[in-house]
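Let's talk salt bridges. Have a look at the model below, and then we'll walk through a few of the charged pairs.

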Amino acid sequence: MAFPGTGTIWMNGKLVDWKDATIHIASHVIHYGTAVFEGARCYETPRGSACFRLDAHMLRLQHSAKIYRMEYPLDLAGWQQAVLDTIRANQMKACYIRPIVYRGYEALGVNPFTCPVDASIILWEWGAYLGKEALEEGCDVKIASWSRMAPNTLPAMAKSSANYANSGLIKMEAIIDGYTEGIALDVYGNVSEGSGQNIFAVRDRVIYTPPLGSSILGGITRDSVITLARDLGFSIQESVLPREALYIADEVFVVGTAAEVTPIRSIDKIVVGSGRRGPVTEALQRAFFDVINGDVPDTHGWLTYVYEEEATLRAGRNTVGVRA
Ligand SMILES: Cc1ncc(COP(=O)(O)O)c(C=O)c1O
């Protein structure tokens with residue numbers, strides 16, 4: 001969906017008109033992919049607009065920047081405030097939130113230290129990423145011929161723009177081959193993640209998901225789904241998954257800020273379970289949507305209400321990325 005091209009974008013603390021929010025072609029990030037970013041969402045709820053796990057997203061942004069030695073003069077509360085200010089300035093009800101920290105314009109060469117660390121926050125309206133129908137019917141995916149990054153090459157735990165060169169290859173291959181999405185293996189041939197989602201498999205009522213060591217991004221939706229699954233009394237295990245475990249699973253689903261909780265109905269043309277959304281996926285999907293839609297009490301403190309007098313900013317209770 002094309003951008004409407006209106007509204008304002010936060011750039012280094014200033015709100016700039018959409019059309020003027022540009023950077024120079026000689027900026028380091030354009031040539032060397034030197035950026036880290038976030039993708040979060042603000043939802044419309046009966047109590048007003050609310051950001052889902054804004055603290056966890058902004059903490060992950062800080063962690064990604066730390067890994068890439070990019071220092072930006074905002075603390076966790078400052079980042080959250082900047083996002084809320086931008087949503088308020090644009091009077092958005094529901095939106096996708098894209099903060100990005102990048103190496104800007106000064107000189108070109110591999111060494112990123114020569115260039116300033118700049119930041120922006122962009123907002124836009126974005127519906128169901130894999131299609132509304134997929135949320136109920138499930139989608140068809142393939143195992144990508146591309147592997148996810150090997151350990152100690154590009155850090156998978158950092159949400160860096162450079163990692164999305166790999167995601168782009170996975171996604172393009174899937175589209176060209178007639179699938180909605182591609183699932184990548186790690187370099188050892190075990191299941192890693194989708195181009196922009198974490199993956200879960202259900203077998204005999206036990207839920208499995210690959211651990212951080214399988215070259216995955218420590219997804220905030222993944223962390224939320226693990227918490228909700230435990231709340232619902234499911235047994236859940238973070239374990240290394242061989243590729244074939246997906247084919248013989250009762251249910252498979254992917255999760256992410258964009259994809260939310262989306263069932264997978266076939267992998268490499270092998271039908272998963274009954275070939276439609278299974279009961280465990282449906283229960284977790286309902287639990288997730290109930291929270292983000294504000295239909296149940298926010299027992300985990302995951303929602304930050306944007307337009308309430310003083311949105312309470314949480315100080316990094318995020319456990320994403322440090323789960324055993
Ligand atoms: C590669 C990758 N894995 C997993 C995820 C899911 O992460 P989250 O739930 O924090 O959006 C994303 C989403 O950005 C992603 O790009």
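What follows is a quick tour of some salt bridges and of how exposed their partners are.

Keep in mind that this is a predicted model. Searching the whole structure turns up 16 salt bridges, and three of them are listed here with their N to O distances.

| Pair | N to O distance |
|---|---|
| K19 and D17 | 3.8 Å |
| E308 and R47 | 2.6 Å |
| E282 and R286 | 3.7 Å |

Take E308 and R47, whose side chains come together at 2.6 Å. E308 sits in the segment after β17 (303-305), while R47 belongs to the loop between β4 (40-45) and β5 (48-52), so this pair ties together parts that are 261 residues apart in sequence. As for accessibility, R47 counts as exposed at 53%, whereas E308 comes out as partly exposed at 30%.

The E282 and R286 pair is a within-helix affair: both residues lie in helix α8 (residues 279-292), four residues apart, which is about one turn of the helix. Their closest N and O atoms are 3.7 Å apart. E282 is partly exposed, with a relative accessible area of 29%.

Which residues do salt bridges with shared partners join into one network? That would be D17, K19 and D20. Within that group, the side chains of K19 and D17 meet at 3.8 Å, N to O. K19 is exposed, at 62% relative accessible area, while D17 is partly exposed at 39%.

Note on methods: Residues are numbered from 1 along each chain as its sequence is written. This is a predicted model: local features need pLDDT of at least 70, side-chain atom pairs count only at pLDDT 80 or more; totals for chains, interfaces and linings use all residues. Side-chain values use heavy atoms; hydrogens and water are left out. A salt bridge is a side-chain nitrogen of Lys or Arg within 4 Å of a carboxyl oxygen of Asp or Glu. Buried means under 20% relative accessible area, exposed over 50%, partly exposed in between (1.4 Å probe, protein chains only). Helices (H or I, at least four residues) and strands (E, at least two) are DSSP runs, numbered from the N terminus.
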